[in-house]
Every structure is written in C-alpha cells, then in structure tokens.
Amino acid sequence: MPTEPDPLAQVNVGMRVIDSADDQVGTVADVYMPGTGPEPKADAGHAERMRRGGYVRVEGSGLLAHDVYVEGPQVAEVTEIDGGVVKLSVPRDSLIRVR
C-alpha cells in the first residue's frame, strides 16, 4: 500500500504559514528534516523533540510578531497555491517561541 508523503518534506523557504484557524503565522525561514539542522533555540525538552521529528522556523508577521518553531507533526498540509501555503494542525498560540 502506498504511503502519504511527509508534509514536512514539501515545505520550502518563503512559503506562507497559517494556523488551524487560518490565521497568518508568518513565512518559512528554515526547514530541517528529522535528525538534521542546528539545535533549536528552545528549552531542552522541546529542542530534542524538534530535532527528532524535524522542525520549521517561521518568521512572524504582523505587529508585535515573533519568530516561532513548528514541529514536523504540526504541519497538516502543504499546497502550492499562491507561492505555497503551509497549513498547521494547531493554533498559533501553541507554537514555541524562538528564544
């Protein structure tokens, strides 16, 4: 039986990111597949989980926005519409802020 591709593997730098409520989160700055990339600037428990499962660093958009991390499993869907959109399975306020 064929398997579905990992949505994280379809994410590219520059794509727009929206949360589960379709609210704008920001723009993809970096994408790291599981076991790759630098240590995320987050507490040790989150950092280890992100390195294991892959993660995306998102440059925040909007007034008072901040950069956040999206864990690989939080990527619900990726579409190529309008230069690419990453849809998350969680609300924006559950994402990990970059320290």
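**Strand β6 and the nonpolar core**

In the hairpin of β5 and β6, five residues lie between the strands, and D82 there takes a positive phi near 55°. Strands here are DSSP E runs of at least two residues, numbered from the N terminus. The model is predicted, so to speak of local features takes pLDDT of at least 70 and side-chain atom pairs count only at pLDDT 80 or more, while totals for chains, interfaces and linings use all residues. Residues are numbered from 1 along each chain as its sequence is written, and side-chain values use heavy atoms, with hydrogens and water left out.

On to the pairing of β6, where two strands count as paired if DSSP finds at least two bridges between them. β5 and β6 run antiparallel, joined by four bridges, and V78 has V86 as its bridge partner in β6. Strand β1 (residues 16-18) runs parallel to β6, with three bridges between them; I18 stands opposite K87.

Which residues of β6 are buried on each side? V85 and K87 are on one face and V86 and L88 on the other, all of them buried (under 20% relative accessible area, with over 50% exposed and partly exposed in between; 1.4 Å probe, protein chains only).

V86 and L88 also have the most contacts inside the largest nonpolar core, a set of 16 residues (buried Ala, Val, Leu, Ile, Met, Phe, Trp, Tyr and Cys joined through side-chain atoms within 4.5 Å). Two or more residues each come from β2 (24-32), β3 (55-60), β4 (68-71), β5 (75-79) and β6 (85-88). Another core, of six residues, lies apart from it and includes Y32, A42, M50 and Y69.
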